[in-house]
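Please open the model in your viewer and keep the selection panel at hand. The stops below are meant to be taken in order.

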Amino acid sequence: MSSTDVSHIAADAAAHAQDAVASGRLNEAIEALAAFGGRSDGGVSRETLTPLDLQARRHLIERARALGCEVRVDACGNLFFRRAGQQADLPPVLTGSHIDTQPVGGKLDGAYGVIAGLEVIQALNDASVATRRPVEVVVWTNEEGARFGPGAMGSSAFAKPERLTGYRTSRDAAGVTFGAALDAALAQVGDVNSCPLGHPVHACVELHIEQGPVLEAANVPLGVVTGIQGVRWFSVKILGAAAHAGTTPMEVRRDAMRAAMALANRLYACADAARAQGLRMTLGRWRVDPNSINTIAGDVEFTVDARCVDEAVLAGFEASLRDAVTNLDASDGYAAQVQSLFARGMTRFPPEMAALIERGCARAAANAGEQAPIRLTSGAFHDAMYVADVCPTAMIFVPSRAGISHNAAEYTEPRQLYLGAKALAYAVTELACR
Ligand code: GLV
Ligand code: MN
Ligand code: MN
């Protein structure tokens with residue numbers, strides 16, 4: 001068969017799969033998954049490897065089996081749901097995302113990509129499309145990084161299995177190690193075959209909500225993601241001396257909170273100075289010890305999340321952070337230290353993958369009478385950034401209302417979710433038929 005014939009067959013199958021995606025079914029499946037950790041305000045609290053996360057994983061395993069998929073799990077707890085291809089030995093086309101949430105998240109961050117992946121398998125079944133390669137839907141472990149740092153652990157360990165040993169020692173706020181939580185999770189899927197960490201993959205497409213304001217502002221339902229901005233995470237610790245709030249004169253205090261606030265203000269000033277170059281900085285998690293109303297803080301720790309598309313700007317910010325901490329260290333009575341927790345440079349997806357995504361998005365949008373897709377970079381990180389290290393990878397975005405995410409108010413219109421799943425079906429099927 002000539003390559004033109006193969007392209008025509010792939011495009012035809014992709015169109016069939018796209019047309020078989022069902023909106024009602026997609027939304028019902030999103031709601032069913034959101035029930036695990038669902039909150040009365042519409043949000044979801046389902047941090048990684050908690051009992052709720054394990055129940056949600058079991059729910060998905062049963063769904064995947066009902067669709068005829070073979071289910072496998074690797075040493076980092078990543079779950080793979082495989083729809084067989086005509087050539088079983090060919091590396092699969094991968095899609096999916098994560099189902100862990102922030103302490104309080106929405107129903108869609110991650111979950112949408114996994115559910116849409118299963119909807120693609122259902123659509124392929126309904127349209128009786130036989131793909132040349134297997135199609136695999138993945139549920140990555142611990143994308144959020146909120147309970148155990150760093151984020152995107154599952155996909156990172158998939159891309160480089162030797163990273164898992166270090167990740168296993170990461171601890172949550174209660175002192176539980178990631179390794180212990182992971183072993184407990186693996187023990188609960190004894191009926192699932194295991195697969196090696198980092199099995200070969202042909203290509204990967206991740207569908208996700210944008211979590212930012214760009215698509216909504218452009219009034220466009222689908223975005224072709226060309227890359228993901230770089231990210232660096234740090235922990236800053238300041239040691240002063242706890243003492244009585246009422247009896248200790250101001251001039252002799254070694255108040256770790258005062259020092260931390262001075263440092264925080266310096267960091268905000270650095271971030272403001274680099275705003276025009278696109279730097280975003282967050283001091284998101286604070287630990288104050290002893291955290292008592294009438295004791296001077298003896299020990300304060302806070303996290304720094306810095307992101308930018310420009311690596312030089314991130315490097316400049318890190319230099320300023322280290323400089324500020326060193327200067328504080330030198331001042332009277334405080335010990336301060338900064339530790340790097342996570343660093344990932346800008347990810348750029350291959351142009352040919354973006355072109356494929358664009359075809360799938362354009363067809364879905366045109367058939368729905370919607371505006372053509374636009375290209376954008378991702379402000380959030382995603383598992384796709386690590387998968388991009390091992391195979392051609394791309395992402396599709398749908399809009400987020402008011403750009404809100406990592407919040408119970410996260411929302412995307414069902415019609416947009418439907419178009420995203422259609423675009424995904426097209427891209428995955430075309431790749432799997434080549
Ligand atoms: C992922 O949740 C991120 O923080 O970008
Ligand atoms: Mn996500
Ligand atoms: Mn997230």
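Begin by selecting ligand 3, a manganese ion whose donors follow the spacing D-x34-E-x261-H along the chain. In this predicted model, the protein donors of that ion are Asp109 (OD), Glu144, which is listed twice through OE, and His406 (NE2), and they lie 2.1 to 2.4 Å from the metal. The site links distant parts of the chain, since Asp109 sits in the loop between strand 3 (93-98) and helix 4 (111-126), while His406 sits in the loop between strand 15 (393-398) and helix 13 (414-433), 297 residues apart. If you colour by accessibility, Asp109 counts as buried at 6% relative accessibility, whereas His406 is partly exposed, with a relative accessible area of 41%.

Keep Asp109 selected and add ligand 2, the manganese ion that lies 3.7 Å from ligand 3 and that Asp109 also coordinates. The protein donors here are His98 (NE2), Asp109 (OD) and His208 (NE2), at 2.0 to 2.2 Å from the ion, and in sequence these residues are spaced H-x10-D-x98-H. His98 belongs to strand 3 and His208 to strand 6 (residues 203-209), so that this pair, 110 residues apart, again links distant parts of the chain. Both of these histidines, His98 and His208, are buried.

From His98, move to Asp383, which has His98 among its contacts, together with Ser97, Trp140, Glu143, Ala152, Ser155 and Glu206, once its neighbours within four places in sequence are left aside. Asp383 lies in the loop between strand 14 (374-378) and helix 12 (384-387). Which side chain of opposite charge is nearest to Asp383? That side chain is Arg57, which is 9.9 Å away, and Asp383 is buried yet has no salt bridge. The side chain of Asp383 does, however, make a polar contact with the side chain of Ser155, at 2.6 Å.

Select Ser155 next, in helix 5 (residues 153-159); at 0% relative accessibility, Ser155 counts as buried. Beyond its neighbours within four places in sequence, Ser155 is in contact with Asn78, Trp140, Asp383, Tyr386 and Val387.

Now turn to the salt bridges, of which the structure holds 27. Select Arg82 and Glu136, whose side chains meet in a salt bridge of 2.7 Å from N to O. Arg82 lies in strand 2 (residues 79-83) and Glu136 in strand 4 (residues 135-140), so the pair ties together parts that are 54 residues apart in sequence. Arg82 is buried, with a relative accessible area of 16%, and Glu136 is also buried, at 0%. Set against these, Arg275 forms a salt bridge with Asp272 in which the closest N and O atoms are 3.0 Å apart; here Arg275 counts as exposed at 57% relative accessibility, and Asp272 is partly exposed at 46%. A further selection, Arg58, Glu62, Arg65 and Asp191, shows residues linked in a network of salt bridges.

Finally, zoom out and colour the chain by domain, with domain 1 covering 3-229 + 346-432 and domain 2 covering 230-341. The C-alpha centres of the two domains lie 35 Å apart, and their contact takes 12 residues from domain 1 and 11 residues from domain 2.

Terms used:
Residues are numbered from 1 along each chain as its sequence is written. Chains are lettered from A and ligands numbered from 1 in the order in which they are written. This is a predicted model: local features need pLDDT of at least 70, side-chain atom pairs count only at pLDDT 80 or more; totals for chains, interfaces and linings use all residues. Side-chain values use heavy atoms; hydrogens and water are left out. Donors are N, O and S atoms within 2.8 Å of the metal (3.2 Å for Na, K and Ca); water is not among the atoms, so sites may look incomplete. Helices (H or I, at least four residues) and strands (E, at least two) are DSSP runs, numbered from the N terminus. Buried means under 20% relative accessible area, exposed over 50%, partly exposed in between (1.4 Å probe, protein chains only). Lys and Arg count as positive and Asp and Glu as negative; His and the chain ends are not counted. A salt bridge is a side-chain nitrogen of Lys or Arg within 4 Å of a carboxyl oxygen of Asp or Glu. A polar contact is a pair of N or O atoms within 3.5 Å; within protein, one must be able to donate a hydrogen and the other to accept it, and residues adjacent in sequence count only if both atoms are side-chain atoms. Contact means heavy atoms within 4.5 Å. Domain bounds come from an automatic or database domain assignment.
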